[in-house]
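Visitor: I'd like to learn how to read a fold, starting from one residue and working outwards. Could you walk me through it?

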Amino acid sequence: MHSYHNSTYRLRVNNLAALHFKYDQARRRFVEWAQNEIAVVPDFHKRILFSDEAHSWLNGYVNKQNCRIWSEANPQVYVETPLHPKKLTVWCALWAGGIIGPYFFKNDEGHNVTVNGDRYRALITNFFIPELNNHDVQELRFQQDGAACHTARATIDLLKDTFGDRLISRFGPVNWPPRSCDLTPLDYFL
């Protein structure tokens with residue numbers, strides 16, 4: 001029995017190492033791409049429109065989404081949370097030229113709702129794109145993370161219609177690497 005647990009543990013560690021290697025490779029490719037862009041356009045980093053949404057729980061629960069523990073060992077931290085706490089979801093986009101948003105996800109009756117593909121595309125169509133018309137964004141790239149509502153085929157197609165090859169996203173012309181919360185300012189400030 002002891003050797004079974006050791007081999008299972010080694011398999012998990014090897015799988016985790018392979019996963020980290022895969023993520024590290026994607027992150028390296030993205031950073032190398034960005035460095036090449038900066039070599040051509042020194043203020044390139046100022047031309048990325050970062051976007052994300054964040055949840056605020058209305059019962060006092062604090063979102064520890066961005067409190068990361070990087071360790072070889074699992075710290076075995078458990079946090080009890082209510083099954084369906086009431087929360088408010090807000091989206092915004094940020095770049096060197098300012099902020100677009102905030103946008104609060106609500107239904108037609110004004111109740112807070114979670115984000116899904118249809119609601120995210122409604123945000124893009126009814127709020128984000130009209131707001132873009134108020135700014136000089138011809139040279140901007142749009143970044144979003146790999147959330148399912150962001151990477152649905154209909155969403156990617158909608159964003160490609162607006163940004164073309166200037167879209168930075170999973171399944172976009174420029175691939176946003178998974179687990180890269182440290183590459184976007186919004187994961188720490190939204």
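Visitor: In which helix is Arg119 found?

Guide: This is a predicted model, and in it Arg119 belongs to helix 2, residues 117-132.

Visitor: Is Arg119 buried, partly exposed or exposed?

Guide: Its relative accessible area is 30%. Buried would need a value under 20% and exposed one over 50%, so the label falls in between: Arg119 is partly exposed.

Visitor: Which residues does Arg119 touch, leaving aside those up to four places away in sequence?

Guide: Phe105, Val113 and Thr114. You can also look at backbone spacing: the C-alpha atoms of Arg119 and Asn107 are 8.9 Å apart, with the two positions 12 residues apart along the chain.

Visitor: Now the sheet. How do strands pair, in general?

Guide: Strands of a sheet pair through backbone hydrogen bonds, in either a parallel or an antiparallel way. Here, strand 2 (residues 87-95) and strand 3 (residues 98-104) are antiparallel, with five bridges, and a hairpin of two residues joins them. Trp91 has Tyr103 in strand 3 as its bridge partner.

Visitor: What is the strand order of the sheet?

Guide: The order is 3-2-1-4-5, in an open sheet of five strands with mixed pairing. Strand 3 and strand 5 (167-168) are at the edges with a single partner strand each, so one side of each lacks a neighbour in the sheet.

Visitor: And where does helix 2 pack?

Guide: On the sheet, where helix 2 touches strand 1, strand 2, strand 3 and strand 4 (141-143). The direction of helix 2 makes about 145° with that of strand 3.

Conventions: Residues are numbered from 1 along each chain as its sequence is written. This is a predicted model: local features need pLDDT of at least 70, side-chain atom pairs count only at pLDDT 80 or more; totals for chains, interfaces and linings use all residues. Side-chain values use heavy atoms; hydrogens and water are left out. Helices (H or I, at least four residues) and strands (E, at least two) are DSSP runs, numbered from the N terminus. Buried means under 20% relative accessible area, exposed over 50%, partly exposed in between (1.4 Å probe, protein chains only). Contact means heavy atoms within 4.5 Å. Two strands pair if DSSP finds at least two bridges between them. Axes are lines fitted to C-alpha atoms, for helices over the stretch in contact, and angles run from 0 to 180 degrees between N-to-C directions.
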